[in-house]
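Student: Would you please take me through one part of this protein in detail, namely its charged side-chain pairs and the strands around one of them? I am new to this structure and would welcome a connected account.

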Amino acid sequence: MSRRSSIRLAVATATALSLTGGLLTLATGTAGAVTVPAKYADDFNGDGYRDYAYGNHNGQVVVVYGTATGPGTTTKVFSQATSGVPGTAGDAGGYADGFGEDLAAADFNRDGYADLAVADFTEKVGDKVSSGAVTILWGRASGLSGSDATRLPKKASAHQGFGKQIETGDFNGDGRADLAVANGIDSVYVYRGGFTKSGTTGSITRHTADNAPEPTGLVAGRVTNDKATDLYLLGQGYHDGKMTQDAWFLRGGSTIKPGKVTVINNARPDYSPTGVVADFNKDGYGDLAVSDRRYNRDAGSVVVWRGGSTAPTTKYRITQASSGVATAATPGDWMGHSLSAADTNGDGYPDLAVGVPGETVSTRTAAGGVHILRGSRAGLTGTNSQYFSRATSGVPGAPAAYESFGIDVRLRDTDRNGRPDLLVSSNGYDTSLRLPGTTSGITTTGASNVYVVASFPQ
């Protein structure tokens, strides 16, 4: 999923999803067995370790294979110049090549190896400029390959931007991985499970509404606590003569039901929002945490839309002016640029890592930082929150102007000790700093660099 939007959830596999300990987790099968889905939605070579895939904004997808201690040294790069991958690398109708701008991982064909869906909303299909396309790279014992890459069936149409955003989930609750694809205009297409290397899929449905926002993001997760994954479309709305930042809820089920639209920012839309679903208050319903970077002259914030039994309910907002949150809210901080959820201190409530890449640190403009906001019975809170920057004791390096530390963040248990670690990237293309997870939270002790950008599917 793209670093541009940082919306990476990886909340689906070909097995049922469940809310366990407040976070979205995967029911697992035995890797490698035919018709039994992969244990992890991103274990592309079936070795039992999660892998790391990210786009580098140059029309390429970088895959770093995992080991028992985290990202390893085995990497592979895919582009439309890779043998077997359809399409043409390079400029596409006046746009830079968007191959890899959004990614989604799941075992789409249930063969025990995770696969990777790669979006390219800029792709020229036939003579249709910027029609867009989504290609699946299939996993196997040797990892992902372009040799039998498959494009999703979609009628070409100029400037529709198919693949603007993609998300995976079990949207109809049948135990198989589905794929949601937004175009750049007005619609979300849901491809049901039944994916094959020959190009077939299950049924395909299109979802749109008069009040639906123009798509700029997708977020998938269990909101209503039934067996189906739900979906949010983020994007630009229009209310009372003003452009707004909106979120549109679509409830999963045997029939996907379009639901309510809420306004995240009623004055300044964010054209690259990010979001994640987790049960921050442990009431059994997944909450949407979504960025509002344009809030308060780009100081930024996070808006939480609480989950409910049939639909999301009420909202609240957290800023750097909220009680307990370190640092002050100042214009240009861009709080919320990247988000990631996990229980970092073992209290059973998921927490939220929040990138603040525009934060001034030690007079260094846009040096950047990361907040860890705590989940609680009341939801996300700044109480007992953590904050890290290059000026934090134990963090290697020194604050540097425009480093944008925190432009990408991910929480993941990279060393398999049962505690999520914090990975933080700068500038959107550098290696990540890994801050280890402990029973009491994230620590700077043992901080190290890992050779992966922290924008991979979560």
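**Charged pairs and a sheet**

Tutor: Arg434 has a relative accessibility of 10% and therefore counts as buried; buried means under 20% relative accessible area, exposed over 50%, and partly exposed in between (1.4 Å probe, protein chains only). The model is a predicted one, in which local features need pLDDT of at least 70 and side-chain atom pairs count only at pLDDT 80 or more, while totals for chains, interfaces and linings use all residues. Residues are numbered from 1 along each chain as its sequence is written, and side-chain values use heavy atoms, with hydrogens and water left out.

Side chains of opposite charge can pair when their charged atoms come close. The rule for a salt bridge is a side-chain nitrogen of Lys or Arg within 4 Å of a carboxyl oxygen of Asp or Glu. Under this rule, the structure has 16 salt bridges.

One of them joins Arg434 to Asp421, with 3.4 Å between the closest N and O atoms. This pair connects distant parts of the chain, 13 residues apart: Arg434 belongs to strand E28 (residues 432-435) and Asp421 to strand E27 (residues 421-425). Helices (H or I, at least four residues) and strands (E, at least two) are DSSP runs, numbered from the N terminus. Asp421 is also buried, its relative accessible area being 0%.

A further salt bridge is formed by Arg50 and Asp42, with N to O at 3.1 Å. Here the two partners fall into separate classes: Asp42 is buried at 2% relative accessibility, whereas Arg50, at 28%, is partly exposed. Both residues also belong to a salt-bridge network that includes Arg412.

The next pair leads to the strands. Asp186 and Arg206 form a salt bridge in which the closest N and O atoms are 3.6 Å apart. It too spans distant parts of the chain, 20 residues apart, since Asp186 lies in the loop between strand E11 (178-182) and strand E12 (188-191), and Arg206 in strand E13 (residues 204-207). With a relative accessible area of 28%, Asp186 is partly exposed.

Strands E11, E12 and E13 also appear together in a sheet: 4 strands form an open sheet in the order E10-E11-E12-E13, with antiparallel pairing. E10 and E13 stand at its edges, each with a single partner strand, so one side of each has no neighbour in the sheet. On average, neighbouring strands of this sheet are turned by 20° against each other, direction ignored; the axes are lines fitted to C-alpha atoms, for helices over the stretch in contact, and angles run from 0 to 180 degrees between N-to-C directions.

Two strands pair if DSSP finds at least two bridges between them. E10 and E11 are joined in the antiparallel sense by 5 bridges, and Gly169 stands opposite Asp178 in E11. Between E11 and E12, which also run antiparallel, there are 4 bridges; Leu179 has Tyr191 in E12 as its bridge partner.

The edge strand E10 (residues 165-169) is mostly covered, with 5 of its 5 residues buried. Its two faces are both covered: Gln165, Glu167 and Gly169 are buried on one side, and Ile166 and Thr168 on the other.
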